[in-house]
Amino acid sequence: MAPMKYVVCVPDGCADEPVAALGGKTPLQAAHTPTLDVLAARGEVGRAAVIPPGMPPGSDVGNMSIFGYDPARFHTGRAPIEAAALGLRLDPDQVAFRCNLVTVGDDGTMVDFAGGHPGTEDAAAVIARLQARLGTDEITFHPGVQYRHIVVAPKAWADAECVPPHDLSDKPVVAPTGPAASKLQAVMDASRDVLAAARADGSPVTANQVWLWGQGPQPQMTPFRDAFGVEAGLVTAVDLVRGLGVLTDMDVVEVEGATGWYDTNYEGKRDAALAGLEAGADLFVVHVEATDEAGHAGDHEEKVRALENWDRRILADLVDGLDALGDWRLLLLPDHATPLELKTHTPDPVPYLLVDSRTDGPGGVYTEEGVADADALPGHQLLPRLLGR
Ligand SMILES: [Zn+2]
(Lines give C-alpha, C1' and ligand atoms only; values in the text may rest on other atoms or scores of the structure.)
Protein backbone atom coordinates (compact mmCIF):
# COMPACT_ATOMS: atom_id res chain seq x y z
CA MET A 1 0.00 0.00 0.00
CA ALA A 2 1.26 3.42 -0.89
CA PRO A 3 2.35 5.48 2.15
CA MET A 4 0.09 8.32 3.29
CA LYS A 5 0.97 11.70 1.79
CA TYR A 6 0.48 15.02 3.58
CA VAL A 7 0.18 18.53 2.15
CA VAL A 8 0.21 21.85 4.02
CA CYS A 9 -1.12 24.82 2.03
CA VAL A 10 -0.34 28.33 3.29
CA PRO A 11 -2.06 31.26 1.56
CA ASP A 12 -0.11 33.87 3.53
CA GLY A 13 -2.31 36.38 5.33
CA CYS A 14 -5.48 35.32 3.46
CA ALA A 15 -7.85 35.75 6.44
CA ASP A 16 -9.62 39.09 6.51
CA GLU A 17 -12.64 41.11 7.63
CA PRO A 18 -15.83 41.97 5.72
CA VAL A 19 -15.00 44.65 3.14
CA ALA A 20 -17.44 47.23 1.73
CA ALA A 21 -15.83 46.99 -1.72
CA LEU A 22 -16.74 43.27 -1.72
CA GLY A 23 -20.34 43.90 -0.73
CA GLY A 24 -19.63 43.24 2.93
CA LYS A 25 -17.93 39.91 2.20
CA THR A 26 -14.41 38.82 3.08
CA PRO A 27 -12.06 37.84 0.23
CA LEU A 28 -12.54 34.16 1.20
CA GLN A 29 -16.31 34.65 0.88
CA ALA A 30 -16.10 36.64 -2.34
CA ALA A 31 -13.62 34.44 -4.22
CA HIS A 32 -14.90 31.76 -6.60
CA THR A 33 -13.15 28.67 -5.20
CA PRO A 34 -15.03 25.53 -6.28
CA THR A 35 -12.26 23.08 -5.30
CA LEU A 36 -11.78 24.65 -1.87
CA ASP A 37 -15.55 24.58 -1.34
CA VAL A 38 -15.70 20.85 -2.11
CA LEU A 39 -12.73 20.14 0.17
CA ALA A 40 -14.36 22.07 3.02
CA ALA A 41 -17.65 20.23 2.50
CA ARG A 42 -15.88 16.87 2.91
CA GLY A 43 -13.37 17.91 5.60
CA GLU A 44 -13.22 19.68 8.92
CA VAL A 45 -13.02 23.44 9.39
CA GLY A 46 -12.10 25.29 12.56
CA ARG A 47 -10.13 28.15 14.03
CA ALA A 48 -6.43 28.21 14.80
CA ALA A 49 -4.55 30.62 17.07
CA VAL A 50 -1.41 30.69 14.91
CA ILE A 51 -0.10 33.74 16.80
CA PRO A 52 0.28 32.85 20.51
CA PRO A 53 -1.03 35.48 22.95
CA GLY A 54 1.33 38.41 23.34
CA MET A 55 3.56 37.52 20.38
CA PRO A 56 3.98 39.75 17.31
CA PRO A 57 1.73 38.72 14.37
CA GLY A 58 4.59 38.12 11.94
CA SER A 59 4.97 35.49 9.23
CA ASP A 60 7.90 34.05 11.19
CA VAL A 61 5.71 33.37 14.23
CA GLY A 62 2.66 32.19 12.26
CA ASN A 63 4.56 29.84 9.98
CA MET A 64 6.50 28.42 12.91
CA SER A 65 3.10 27.44 14.38
CA ILE A 66 1.97 25.96 11.08
CA PHE A 67 5.19 23.90 10.89
CA GLY A 68 4.19 22.40 14.27
CA TYR A 69 6.64 24.25 16.53
CA ASP A 70 5.23 26.34 19.39
CA PRO A 71 6.57 29.90 18.84
CA ALA A 72 6.27 30.59 22.57
CA ARG A 73 8.98 27.95 23.00
CA PHE A 74 11.08 28.17 19.82
CA HIS A 75 10.88 31.74 18.50
CA THR A 76 14.00 33.78 19.30
CA GLY A 77 13.56 36.66 16.84
CA ARG A 78 13.10 37.32 13.19
CA ALA A 79 16.68 37.99 12.12
CA PRO A 80 18.08 34.55 13.05
CA ILE A 81 15.44 32.92 10.82
CA GLU A 82 16.42 35.18 7.92
CA ALA A 83 20.08 34.47 8.65
CA ALA A 84 19.32 30.76 8.26
CA ALA A 85 17.68 31.48 4.89
CA LEU A 86 20.99 33.04 3.80
CA GLY A 87 22.84 29.90 4.90
CA LEU A 88 24.37 31.51 7.98
CA ARG A 89 24.90 29.33 11.04
CA LEU A 90 25.28 31.18 14.33
CA ASP A 91 27.58 30.06 17.13
CA PRO A 92 25.94 29.80 20.56
CA ASP A 93 27.70 33.04 21.61
CA GLN A 94 26.40 34.95 18.58
CA VAL A 95 23.16 36.70 17.62
CA ALA A 96 21.84 37.91 14.27
CA PHE A 97 20.35 41.35 13.67
CA ARG A 98 18.25 42.40 10.70
CA CYS A 99 20.25 45.19 9.06
CA ASN A 100 17.96 47.37 6.94
CA LEU A 101 19.36 49.94 4.55
CA VAL A 102 17.14 52.91 5.46
CA THR A 103 16.73 56.57 4.60
CA VAL A 104 16.52 58.97 7.55
CA GLY A 105 15.71 62.61 6.79
CA ASP A 106 17.76 65.58 7.99
CA ASP A 107 15.00 66.25 10.52
CA GLY A 108 15.42 62.75 11.96
CA THR A 109 12.30 61.14 10.48
CA MET A 110 12.29 57.65 9.00
CA VAL A 111 11.68 58.62 5.37
CA ASP A 112 12.02 55.08 3.95
CA PHE A 113 12.49 51.87 5.95
CA ALA A 114 13.35 50.18 2.63
CA GLY A 115 16.14 52.63 1.75
CA GLY A 116 14.78 53.48 -1.70
CA HIS A 117 14.46 49.78 -2.63
CA PRO A 118 18.04 49.24 -3.84
CA GLY A 119 18.83 46.47 -6.29
CA THR A 120 20.28 43.37 -4.64
CA GLU A 121 23.67 43.68 -6.40
CA ASP A 122 24.04 47.39 -5.68
CA ALA A 123 23.11 46.73 -2.07
CA ALA A 124 25.63 43.87 -1.83
CA ALA A 125 28.42 46.25 -2.89
CA VAL A 126 27.41 48.65 -0.12
CA ILE A 127 27.23 45.85 2.46
CA ALA A 128 30.72 44.71 1.39
CA ARG A 129 31.91 48.27 1.98
CA LEU A 130 30.29 48.33 5.42
CA GLN A 131 32.02 45.04 6.23
CA ALA A 132 35.38 46.42 5.07
CA ARG A 133 35.04 49.63 7.08
CA LEU A 134 33.03 48.58 10.14
CA GLY A 135 33.41 44.80 10.30
CA THR A 136 35.52 43.59 13.23
CA ASP A 137 36.33 40.38 15.06
CA GLU A 138 33.04 40.99 16.84
CA ILE A 139 30.57 42.02 14.15
CA THR A 140 30.14 41.03 10.51
CA PHE A 141 27.83 42.29 7.73
CA HIS A 142 26.17 39.77 5.40
CA PRO A 143 24.35 40.70 2.19
CA GLY A 144 20.76 39.60 1.71
CA VAL A 145 18.09 40.78 -0.71
CA GLN A 146 17.38 44.42 -1.70
CA TYR A 147 17.27 46.46 1.53
CA ARG A 148 17.22 43.41 3.84
CA HIS A 149 20.61 42.31 5.24
CA ILE A 150 22.07 40.65 8.32
CA VAL A 151 24.62 41.64 10.95
CA VAL A 152 26.08 38.94 13.20
CA ALA A 153 27.25 40.19 16.60
CA PRO A 154 28.20 38.86 20.06
CA LYS A 155 25.38 37.63 22.27
CA ALA A 156 25.70 40.60 24.66
CA TRP A 157 24.68 42.96 21.83
CA ALA A 158 21.19 41.45 21.84
CA ASP A 159 20.45 43.13 25.17
CA ALA A 160 18.59 46.11 23.65
CA GLU A 161 15.10 47.13 22.60
CA CYS A 162 15.06 48.01 18.90
CA VAL A 163 12.05 49.43 17.08
CA PRO A 164 11.33 47.86 13.66
CA PRO A 165 11.95 50.58 11.05
CA HIS A 166 8.63 49.94 9.24
CA ASP A 167 6.89 50.94 12.49
CA LEU A 168 8.66 54.33 12.28
CA SER A 169 7.58 55.30 8.74
CA ASP A 170 7.27 59.10 8.51
CA LYS A 171 7.87 59.37 12.26
CA PRO A 172 10.88 60.53 14.28
CA VAL A 173 13.34 57.67 14.63
CA VAL A 174 13.51 56.02 18.06
CA ALA A 175 16.99 55.09 19.21
CA PRO A 176 17.59 51.64 20.71
CA THR A 177 17.43 51.41 24.48
CA GLY A 178 18.97 49.00 26.98
CA PRO A 179 22.48 47.92 27.99
CA ALA A 180 23.73 47.26 24.43
CA ALA A 181 22.07 50.32 22.87
CA SER A 182 25.22 52.42 22.68
CA LYS A 183 27.06 49.75 20.67
CA LEU A 184 24.18 49.49 18.18
CA GLN A 185 23.84 53.25 17.90
CA ALA A 186 27.57 53.57 17.25
CA VAL A 187 27.33 51.14 14.30
CA MET A 188 24.26 52.89 12.90
CA ASP A 189 25.93 56.30 13.23
CA ALA A 190 29.20 55.10 11.69
CA SER A 191 27.30 53.63 8.74
CA ARG A 192 26.25 57.14 7.65
CA ASP A 193 29.79 58.09 6.62
CA VAL A 194 30.32 54.76 4.84
CA LEU A 195 27.12 55.13 2.83
CA ALA A 196 27.88 58.79 2.05
CA ALA A 197 31.29 57.74 0.74
CA ALA A 198 29.67 55.01 -1.37
CA ARG A 199 27.27 57.56 -2.90
CA ALA A 200 30.17 59.93 -3.56
CA ASP A 201 31.89 57.08 -5.41
CA GLY A 202 28.83 56.61 -7.63
CA SER A 203 26.79 53.97 -5.80
CA PRO A 204 23.12 54.29 -6.81
CA VAL A 205 22.05 53.20 -3.30
CA THR A 206 20.24 56.22 -1.80
CA ALA A 207 19.85 54.77 1.71
CA ASN A 208 21.88 56.87 4.17
CA GLN A 209 22.33 54.54 7.12
CA VAL A 210 21.67 51.03 8.45
CA TRP A 211 19.04 50.15 11.05
CA LEU A 212 19.62 47.17 13.35
CA TRP A 213 16.62 45.30 14.82
CA GLY A 214 14.86 41.91 15.12
CA GLN A 215 17.83 40.31 16.89
CA GLY A 216 18.11 36.92 18.47
CA PRO A 217 20.17 33.72 18.76
CA GLN A 218 19.66 30.82 16.38
CA PRO A 219 16.49 28.98 17.46
CA GLN A 220 17.09 25.41 18.55
CA MET A 221 14.49 23.68 16.40
CA THR A 222 14.45 19.89 16.29
CA PRO A 223 14.76 18.66 12.69
CA PHE A 224 11.29 18.05 11.27
CA ARG A 225 11.93 14.33 10.64
CA ASP A 226 12.95 13.83 14.28
CA ALA A 227 10.09 15.92 15.65
CA PHE A 228 7.36 14.32 13.51
CA GLY A 229 8.83 11.19 11.95
CA VAL A 230 8.22 12.24 8.35
CA GLU A 231 10.38 13.67 5.55
CA ALA A 232 9.19 17.12 4.48
CA GLY A 233 9.70 19.43 1.52
CA LEU A 234 8.89 23.12 1.16
CA VAL A 235 8.38 25.63 -1.60
CA THR A 236 8.21 29.37 -0.90
CA ALA A 237 9.56 32.64 -2.27
CA VAL A 238 9.85 34.26 1.16
CA ASP A 239 13.12 34.32 3.13
CA LEU A 240 11.47 33.98 6.52
CA VAL A 241 9.61 30.84 5.49
CA ARG A 242 12.66 29.42 3.70
CA GLY A 243 14.66 30.04 6.88
CA LEU A 244 12.20 27.95 8.90
CA GLY A 245 12.63 25.17 6.34
CA VAL A 246 16.42 25.36 6.68
CA LEU A 247 16.29 25.39 10.49
CA THR A 248 14.06 22.28 10.54
CA ASP A 249 16.12 20.57 7.81
CA MET A 250 13.29 20.36 5.28
CA ASP A 251 14.07 19.89 1.61
CA VAL A 252 13.67 23.50 0.41
CA VAL A 253 12.86 23.38 -3.32
CA GLU A 254 13.45 26.37 -5.60
CA VAL A 255 10.85 26.98 -8.29
CA GLU A 256 11.58 29.21 -11.26
CA GLY A 257 9.21 32.15 -11.35
CA ALA A 258 8.30 31.93 -7.66
CA THR A 259 8.32 35.65 -6.91
CA GLY A 260 6.48 36.26 -3.65
CA TRP A 261 4.24 38.56 -5.71
CA TYR A 262 0.89 38.38 -7.56
CA ASP A 263 2.60 36.99 -10.65
CA THR A 264 4.14 34.00 -8.87
CA ASN A 265 4.36 30.60 -10.55
CA TYR A 266 1.38 28.84 -8.94
CA GLU A 267 1.55 25.80 -11.22
CA GLY A 268 5.29 25.48 -10.58
CA LYS A 269 4.71 25.31 -6.82
CA ARG A 270 1.93 22.74 -7.23
CA ASP A 271 4.10 20.60 -9.50
CA ALA A 272 7.07 20.89 -7.12
CA ALA A 273 4.88 19.57 -4.31
CA LEU A 274 3.59 16.64 -6.33
CA ALA A 275 7.08 15.84 -7.65
CA GLY A 276 8.52 15.97 -4.13
CA LEU A 277 5.84 13.67 -2.78
CA GLU A 278 6.23 11.30 -5.70
CA ALA A 279 10.01 11.24 -5.15
CA GLY A 280 9.54 10.09 -1.56
CA ALA A 281 8.72 13.08 0.64
CA ASP A 282 5.92 12.29 3.08
CA LEU A 283 4.81 15.88 3.54
CA PHE A 284 5.08 19.03 1.45
CA VAL A 285 4.46 22.66 2.39
CA VAL A 286 3.26 25.03 -0.34
CA HIS A 287 3.51 28.71 0.68
CA VAL A 288 2.23 31.58 -1.50
CA GLU A 289 2.74 35.21 -0.46
CA ALA A 290 0.38 36.93 -2.94
CA THR A 291 -2.63 37.08 -0.58
CA ASP A 292 -0.53 38.86 2.07
CA GLU A 293 0.89 41.37 -0.41
CA ALA A 294 -2.63 42.19 -1.59
CA GLY A 295 -3.65 42.69 2.03
CA HIS A 296 -0.75 45.09 2.63
CA ALA A 297 -1.65 46.96 -0.55
CA GLY A 298 -5.33 47.12 0.44
CA ASP A 299 -6.11 45.67 -3.00
CA HIS A 300 -9.29 43.62 -2.69
CA GLU A 301 -9.31 42.59 -6.36
CA GLU A 302 -5.80 41.12 -6.16
CA LYS A 303 -6.59 39.36 -2.88
CA VAL A 304 -9.65 37.69 -4.38
CA ARG A 305 -7.68 36.87 -7.53
CA ALA A 306 -4.88 35.32 -5.48
CA LEU A 307 -7.40 33.03 -3.74
CA GLU A 308 -8.95 32.09 -7.08
CA ASN A 309 -5.44 31.34 -8.39
CA TRP A 310 -4.87 29.08 -5.40
CA ASP A 311 -8.06 27.22 -6.25
CA ARG A 312 -7.71 26.92 -10.00
CA ARG A 313 -3.94 26.75 -10.42
CA ILE A 314 -2.92 24.77 -7.32
CA LEU A 315 -5.72 22.97 -5.51
CA ALA A 316 -7.67 21.56 -8.47
CA ASP A 317 -4.80 19.58 -9.98
CA LEU A 318 -3.14 19.03 -6.61
CA VAL A 319 -6.13 16.98 -5.48
CA ASP A 320 -6.08 14.94 -8.69
CA GLY A 321 -2.33 14.41 -8.37
CA LEU A 322 -2.67 13.34 -4.74
CA ASP A 323 -5.45 10.91 -5.60
CA ALA A 324 -3.12 9.31 -8.14
CA LEU A 325 -0.47 8.83 -5.40
CA GLY A 326 -2.81 7.09 -2.93
CA ASP A 327 -4.24 8.19 0.42
CA TRP A 328 -3.60 11.75 1.53
CA ARG A 329 -4.39 14.37 4.13
CA LEU A 330 -4.36 18.12 3.56
CA LEU A 331 -4.13 21.09 5.92
CA LEU A 332 -4.81 24.62 4.68
CA LEU A 333 -4.50 27.81 6.72
CA PRO A 334 -2.81 31.23 6.67
CA ASP A 335 -0.06 32.25 9.09
CA HIS A 336 -2.05 35.31 10.27
CA ALA A 337 -4.74 37.63 8.94
CA THR A 338 -3.77 40.64 6.79
CA PRO A 339 -7.06 42.60 6.63
CA LEU A 340 -7.42 44.81 3.54
CA GLU A 341 -8.71 47.74 5.54
CA LEU A 342 -5.84 47.62 8.07
CA LYS A 343 -3.12 46.82 5.49
CA THR A 344 -1.16 45.04 8.21
CA HIS A 345 -1.14 41.77 10.13
CA THR A 346 -3.41 41.01 13.09
CA PRO A 347 -2.97 38.30 15.77
CA ASP A 348 -6.57 37.07 15.47
CA PRO A 349 -7.19 33.33 15.07
CA VAL A 350 -7.58 32.19 11.45
CA PRO A 351 -9.74 29.56 9.74
CA TYR A 352 -8.17 26.17 9.05
CA LEU A 353 -9.22 23.25 6.86
CA LEU A 354 -8.28 19.59 7.38
CA VAL A 355 -9.19 16.97 4.77
CA ASP A 356 -8.64 13.20 4.77
CA SER A 357 -9.05 11.45 1.42
CA ARG A 358 -10.27 8.25 3.16
CA THR A 359 -12.97 9.61 5.42
CA ASP A 360 -15.43 12.48 5.25
CA GLY A 361 -15.35 14.91 8.14
CA PRO A 362 -18.28 16.89 9.54
CA GLY A 363 -18.00 19.30 6.61
CA GLY A 364 -18.17 23.06 6.69
CA VAL A 365 -17.52 26.30 4.89
CA TYR A 366 -13.95 27.60 4.73
CA THR A 367 -14.52 31.27 5.59
CA GLU A 368 -14.03 33.45 8.65
CA GLU A 369 -17.79 33.36 9.26
CA GLY A 370 -17.91 29.60 8.74
CA VAL A 371 -15.63 29.04 11.76
CA ALA A 372 -16.68 32.03 13.87
CA ASP A 373 -18.25 29.85 16.58
CA ALA A 374 -15.36 27.40 16.89
CA ASP A 375 -12.93 27.50 19.80
CA ALA A 376 -9.45 28.43 18.61
CA LEU A 377 -6.88 25.62 18.81
CA PRO A 378 -3.22 26.52 19.39
CA GLY A 379 -1.82 26.73 15.86
CA HIS A 380 1.13 24.41 16.48
CA GLN A 381 -1.26 21.55 17.36
CA LEU A 382 -2.60 21.33 13.81
CA LEU A 383 0.48 19.74 12.23
CA PRO A 384 0.33 16.78 14.67
CA ARG A 385 -3.40 16.55 13.95
CA LEU A 386 -2.68 16.47 10.22
CA LEU A 387 -0.35 13.54 10.89
CA GLY A 388 -3.04 11.82 12.99
CA ARG A 389 -1.01 12.10 16.21
ZN1 LIG B 1 2.63 36.12 6.60
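# Notebook: a helix pair, a zinc site and two loops

I began with the helix contact: Ser59, Asp60, Asn63 and Met64 in H3 meet Leu240, Val241 and Leu244 in H9. By class, I noted four nonpolar, two polar and one charged residues in this contact of H3 with H9. The model is a predicted one, and I read each entry below with that in mind.

Next I looked up how the two helices lie. H9 spans residues 239-247, and H3 packs against H9 at an angle of about 40°, the axes being 9 Å apart. H3 is therefore oblique to H9, since angles under 35 degrees would count as roughly parallel and those from 65 to 115 as roughly perpendicular. For the hand of the crossing of H3 and H9, I wrote down right-handed.

Ser59 came up again when I turned to the metal. Which protein residues are donors of the zinc ion? I listed Asp12 (OD), entered twice, Ser59 (OG), Asp335 (OD) and His336 (NE2). These donors lie 1.9 to 2.6 Å from the zinc ion. Along the chain, their spacing reads D-x46-S-x275-D-H. Ser59 and His336 link distant parts of the chain, being 277 residues apart. I placed Ser59 in helix H3, residues 59-66. His336 I placed in the loop between strand E11 (328-332) and strand E12 (350-356).

Are these two donors buried or exposed? Ser59 has a relative accessible area of 9%, so I entered Ser59 as buried. His336 has 0% relative accessibility and therefore also counts as buried. The cut-off I needed for both is under 20%.

Last, I checked backbone angles. Most residues other than glycine have a negative phi, so I noted two residues with a positive one.

The first entry is Gln146, with phi near 50°. Where is Gln146 found? I found Gln146 in the loop between strand E5 (140-145) and strand E6 (148-154). Its relative accessible area is 32%, so Gln146 is partly exposed.

The other entry is Asp170, which is not a glycine and has a positive phi of about 60°. Asp170 lies in the loop between E6 and helix H7, and H7 covers 181-200. I entered Asp170 as exposed because its relative accessible area is 64%, and the cut-off for exposed is over 50%.

Terms used:
Residues numbered from 1 in each chain as written. Predicted model: local features only at pLDDT ≥ 70, side-chain atom pairs only at ≥ 80, totals over all residues. Heavy atoms only, no water. Donors = N, O, S within 2.8 Å, 3.2 Å for Na, K, Ca; no water. Helix = DSSP H or I, 4+ residues; strand = E, 2+ residues; numbered from the N terminus. Buried < 20%, exposed > 50% of the residue type's maximum accessible area, 1.4 Å probe, protein only. Axes fitted to C-alpha atoms, helices over the stretch in contact; angles between N-to-C directions. Parallel < 35°, antiparallel > 145°, perpendicular 65-115°, else oblique. Left-handed = near helix turned anticlockwise from the far one by under 90°. Contact = heavy atoms within 4.5 Å. Nonpolar A, V, L, I, M, F, W, Y, C, P; charged D, E, K, R; others polar.
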